[in-house]
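Please look over the structure below. The report that follows takes up strand pairing, salt bridges, a loop residue and the cysteines.

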Amino acid sequence: MTVAGKIESTIAVPEGVHVSMKDSTIRVKGPKGELSRNFTHPTVSVVAEKDSVVVGCEYPNIREKAMVGTFCAHVRNMIRGVTEGYTYTLKIVFSHFPMKAAVKGNKIEISNYMGGHSLRYADIISGCKVKISGSDVTVEGCDIEAVGQTSANLERATSRRGFDKRVFQDGIYIVHKSHKVKE
């Protein structure tokens, strides 16, 4: 909502979610977990009320308007994360050499990638759970950035330069994201 030199956006907080603010850090608690994030900006203000979060700026320029939208998107993602969670589904694809993946502590160990003897590793960001069943890999968590980064780490661990991707399609690829639903 824009009113004579002021932009303000309100995000509703659903039942079962508790939002608190200390200094410029917002903490969101819900049934799936707890997330916190620092929202520091010299001109954009974030205020957590009982049933809503208000993000606003007085006399914004175009960058500050964009920052208000960014802060709102982060708060919405945090609320959705602690209520529903995020799930990325990946697929292990190989044509000749059977690739294997296993969770070892806070890393995923990938062996026999394109017949190679060396092991490849992908980091699991804290707060994510990774399940491997056959050729399907599921990454779950309440922080969308951690889930997305863990999935990107898996894809990146199986990238190889100097090979035509149309012919050598071996690798681990993201096939579905829970927050991007086709209608």
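Which residue in β11 stands opposite I108? The answer is A122. This is a predicted model: local features need pLDDT of at least 70, side-chain atom pairs count only at pLDDT 80 or more, and totals for chains, interfaces and linings use all residues. Residues are numbered from 1 along each chain as its sequence is written, and side-chain values use heavy atoms, with hydrogens and water left out.

## Strands β9, β10 and β11

Helices and strands here are DSSP runs, numbered from the N terminus (helices: H or I, at least four residues; strands: E, at least two). Two strands pair if DSSP finds at least two bridges between them. Strands of a sheet pair through backbone hydrogen bonds, either parallel or antiparallel.

Strand β10 covers residues 107-111. Four of its five residues are buried. Buried means under 20% relative accessible area, exposed means over 50%, and partly exposed is in between (1.4 Å probe, protein chains only).

β10 has pairing partners in β9 and β11. With β9 (residues 100-104), the pairing is antiparallel and runs over five bridges. K104 stands opposite K107 in this pair of strands. A101 faces I110 of β10 in the same way, standing opposite that residue. Two residues lie between the strands of the β9-β10 hairpin. There G105 takes a positive phi near 70 degrees. With β11 (residues 120-123), β10 also pairs in the antiparallel sense, over four bridges.

## Salt bridges

How many salt bridges does the structure hold? The count is seven. A salt bridge is a side-chain nitrogen of Lys or Arg within 4 Å of a carboxyl oxygen of Asp or Glu. Three of the pairs are set out here.

| Pair | N to O distance | Elements | Residues apart in sequence |
|---|---|---|---|
| R37 and E145 | 3.0 Å | β5 and α2 | 108 |
| D136 and K91 | 3.0 Å | β13 and β8 | 45 |
| K107 and D123 | 2.5 Å | β10 and β11 | 16 |

The R37-E145 pair links distant parts of the chain, with R37 in strand β5 (residues 33-38) and E145 in helix α2. R37 counts as partly exposed because its relative accessibility is 26%. E145 is partly exposed too, with a relative accessible area of 42%.

The D136-K91 pair also links distant parts of the chain. D136 lies in strand β13 (residues 136-141) and K91 in strand β8 (residues 86-93). D136 is partly exposed at 29% relative accessibility. K91 is partly exposed at 32%.

K107 and D123 meet at 2.5 Å, N to O. K107 lies in β10 and D123 in β11, so the salt bridge ties together parts that are 16 residues apart in sequence. K107 has 32% relative accessibility and counts as partly exposed. D123 has 38% and counts as partly exposed.

## The four-stranded sheet and α2

An open sheet of four strands has the order β12-β13-β8-β14, with antiparallel pairing. Its edge strands are β12 (128-133) and β14, each of which pairs on one side only. Neighbouring strands are turned by 25 degrees against each other on average, direction ignored. Axes are lines fitted to C-alpha atoms, for helices over the stretch in contact, and angles run from 0 to 180 degrees between N-to-C directions.

β12 and β13 pair in the antiparallel sense over six bridges. S133 stands opposite D136 in β13. Helix α2 packs on this sheet and touches β8, β12, β13 and β14. The direction of α2 makes about 5 degrees with that of β8. Contact means heavy atoms within 4.5 Å.

## T158 in its loop

Is T158 buried or exposed? T158 counts as buried, because its relative accessibility is 4%. T158 sits in the loop between α2 (144-157) and β14 (171-177). A polar atom of the T158 side chain lies 3.1 Å from the backbone nitrogen of I172. Not counting residues up to four places away in sequence, T158 touches M99, I110, Y113, R120, D170, G171 and I172.

## Cysteines

A disulfide is a pair of cysteine sulfur atoms within 2.5 Å. The count by this rule is zero. C57 is in no disulfide, and the nearest cysteine sulfur, that of C72, is 12 Å away. C72 is likewise in no disulfide. C57 is buried at 1% relative accessibility. C72 is buried as well, with a relative accessible area of 3%.

Conventions
Polar contact = N/O pair within 3.5 Å; in protein donor to acceptor, adjacent residues only side chain to side chain.
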